[in-house]
Amino acid sequence: MYEELNDMQLEAVKHTQGPLLILAGAGSGKTKVLTSRIAFLIENNVAPYRILAITFTNKAAGEMRERVDKAVGYGAEAIWVATFHSTCVRILRRYADRIGYENNFTIYDGDDQKSLIKSILKKLEIDTKRFKERTFMSVISGAKDCLINPTQYAMSATGDYVKETYARVYREYQSALKKNNAMDFDDLIVQTVELLKKDEQVREQYQERFEYIMVDEYQDTNTAQFELIRLFAGKYENLCVVGDDDQSIYKFRGANIKNILNFEQHYPGAHVIRLEQNYRSTQNILNAANSVIKNNYGRKDKTLWTDNPVGNKVVFKQFENGDEEAYFVAHDIARNIKEGTFSYADCAILYRTNAQSRLFEERFVSENIPYKIIGGVNFYARKEIKDLLSYLKTVDNARDDLAVQRIINVPKRGIGATSISRVSAYADEHGIGFYDALKQAREISTLGRAASKIEPFVQFIQVMRTKLLSGLSLTELLEEIIDQTGYVRDLEAEGTDEALARIENIDELMNKITSYEEEVDEPTLSGFLEEVALIADIDNLEEDSDYVVLMTLHSAKGLEFPNVYLAGLEDGLFPSYMSISSGDDSEIEEERRLMYVGITRAMKQLTISAARMRMIRGELNFARVSRFVREIDPALLTGTINETKPIREQSPSRAAKNTFKQNSYLTKSSPAKRESKDFGKASLADGQLEYAVGDRVRHMKFGEGQVQEIVRGGRDFEVTVLFDSYGVKKMFATFAKLKKI
DNA sequence: CACAGGTCTCTTTTT
DNA sequence: GAGACCTGTG
């Protein structure tokens, strides 16, 4: 197998001792190197169980597992191939009791975190108008990514009211987690680090065990993960990390690009190998990627090249709006299928935001193109799935207060918010869990008659437990729950498309639990719940089915497709408005890396598209073609960028005018129409607002601009403003809070 | 306590 | 345009 490797790859495979940094450009065969390296280690008599290979996604782990199994054969199953999170879960399931948790702790997903925070804000009487849950979540997550605990955070926050509030919530949040015997995603890493630092015995055990460590996508590690790896590798330091600083796209999640840029400082004497030959893309595609990424500063110097054919030029298309864009992509795919150039599964549509998937989905449905959307709402985050999982969790151990509270009134049992908070208060008072308090419902004096409504619920859970203990299978248990609660029956009665989709999801859950029972030697309810807790949508991408895949650029990292469409290449969407308005070049650079990732997913054909107008959050936005498209060497592109002038000088296209008409927007040049439509009220409107057509105004976000038109809408005035820096925006007067200047 | 209807806000990106 | 939140009614 080694003869397939080029010199650099071979060197990386054979360099097994000491720290090694492999800078692997996109499509340079890094997975092949990693798997070959594992095979090589084993051939050289390294015990399989002393090898650890860490990835970010289950999909990547699964892929590597498969390839390792193939390359190694006997003993491969002993190699530890896993994601950061599942690695940590595995360790914590054994030793969490040494840091004050029980080993059967539950794992909270984003939804759970959110509701926990919500209840904390209520408890601390924090004004949710001024402070948003989201902010707390990201502050806490950010702190954890950097291994800052509540006490440390509080110390750095003194004197700053806002930060002190964050600190209070963080502290409360963390102690609530502990009380619930729960960890959030970040905790899985943080607590493992904590465990390894505190407990010498555990640390030494794993340091001894992990003689050889490999980390994939190293550019995306955050400080906590860096520390985790450092601890793991503490004894042998046979640490091989693979990454590409040009593909670092998770800064918002705490990824610290310095981990890879400064690897040689962290590990003096580290050997560095560059993999610069690309085996994936055509020359045109690769050159397009190179011409974009070279605009970034502070990169590790490298130039990707390929022996592959030159290939077709990159196609650039510009459309009036998002509908037309989706229409084109659908028909382009249909054409490729018809001509036999590509199969559906060869095609992928990549975009910056999940919201963009909708237009494509609608179009694909009407054109009968099979598709699959990855991401958006995770399967296991869907309401119906979370409800049923909450039942399972409650039957399993009921330690998860959130799960119990979620389902206590699903279906309706007449137990409302008031009763729940009374039970909660009682539980707090007596230092017991929520479910235990439910069991004693009769003792809770404040409940009154509501107690009688709670009893059947508790009874139901207890019966399920008994049945499970007496040998009911997991599939049967779930069936019983669905049956007894009437969950599916209610949905059937509803009969809407949405309800039917939910039933399909429930069927899917049944399939998953059944296949879990078939695949695992000793299936347990806890085991199933645990497996499910760490699954992301991308992991469910099935290779053998034939459908077009739609996903965000972030989800696409690590994947490749013969025919790729990059959609929505507009300034303000990609790069995002946030990154442009931050004025921080490093944010644009991160977006540019995302563009680089997107381009390099394509093997044979790449199509880039943009729309002049797009509805974003109910607002019609005009945008110029993304700066990233301009950065591509024009010699590599077909199609021209039809927009050399800034947006403010261009008149709306025909299609744009049509849209205006549909939305009853009138052009400035036809006051007569406005009169007839609004019976002269428009001029009254101009008088009521402090500004009129032609005035200069200021907007909080968009800065200064000129009012183009004011039209009376349903209950408000719709104002169209030409902003100096952001082009034309339409907005409601009460919402926009424009100030005349 | 449940439900319907209205209002307000808003996300890039996710393990 | 969707989802969370609030309010009023039965």
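## The surface near DNA strand B

A residue is near a strand if one of its heavy atoms lies within 4 Å of it. Residues are also sorted by class: Asp, Glu, Lys and Arg count as charged, Ala, Val, Leu, Ile, Met, Phe, Trp, Tyr, Cys and Pro as nonpolar, and the others as polar. This structure is a predicted model. In this model, 27 residues lie around DNA strand B. By class, the surface near the strand has 12 polar, 8 nonpolar and 7 charged residues.

Which residues come nearest to DNA strand B? They are Phe56, Lys132, Arg352, Lys412 and Thr418. Of the strand's atoms that come within 4 Å of the protein, 60% belong to sugar and phosphate.

## Three serines at the strand

Which part of DNA strand B lies 3.0 Å from a side-chain N or O atom of Ser419? It is a phosphate oxygen. Ser555 also has a phosphate oxygen of DNA strand B beside a polar side-chain atom, at 3.2 Å. For Ser576, the partner is a base nitrogen of DNA strand B, 3.3 Å from an N or O atom of the side chain.

Two elements give two or more residues to the surface near DNA strand B: α19 (417-430) and α26 (553-556).

## Helix α24 with α17

Two packed helices are described by the angle between their axes and the distance between the axes. Take helix α17 (residues 383-396) and helix α24 (residues 497-519). Their axes are 9 Å apart, at an angle of about 40°. The two helices are therefore oblique to each other. Their crossing is right-handed.

Helix α17 brings Lys383, Glu384, Ile385, Leu388, Leu389 and Leu392 to the contact, and α24 brings Arg502, Asn505, Ile506, Leu509 and Ile513. By class, 7 of these residues are nonpolar, 1 is polar and 3 are charged.

## Helix α24 with α23

Helix α24 also packs with helix α23 (residues 487-494). The axes come within 8 Å and cross at roughly 150°. Angles over 145 degrees count as roughly antiparallel, so α23 is roughly antiparallel to α24. The crossing of α23 and α24 is left-handed.

Which residues of α23 meet α24? They are Tyr487, Val488, Leu491, Glu492 and Glu494. On the α24 side, the partners are Ala499, Arg502, Ile503 and Ile506. This contact of α23 with α24 has 6 nonpolar and 3 charged residues, with no polar ones. Arg502 and Ile506 of α24 appear in the contact with α17 and in the contact with α23.

Terms used
Residues are numbered from 1 along each chain as its sequence is written. Chains are lettered from A and ligands numbered from 1 in the order in which they are written. This is a predicted model: local features need pLDDT of at least 70, side-chain atom pairs count only at pLDDT 80 or more; totals for chains, interfaces and linings use all residues. Side-chain values use heavy atoms; hydrogens and water are left out. Axes are lines fitted to C-alpha atoms, for helices over the stretch in contact, and angles run from 0 to 180 degrees between N-to-C directions. Helices (H or I, at least four residues) and strands (E, at least two) are DSSP runs, numbered from the N terminus. Angles under 35 degrees count as roughly parallel, over 145 as roughly antiparallel, 65 to 115 as roughly perpendicular and the rest as oblique. A crossing is left-handed if the near helix is turned anticlockwise from the far one by less than a right angle, and right-handed if clockwise. Contact means heavy atoms within 4.5 Å. A polar contact is a pair of N or O atoms within 3.5 Å; within protein, one must be able to donate a hydrogen and the other to accept it, and residues adjacent in sequence count only if both atoms are side-chain atoms.
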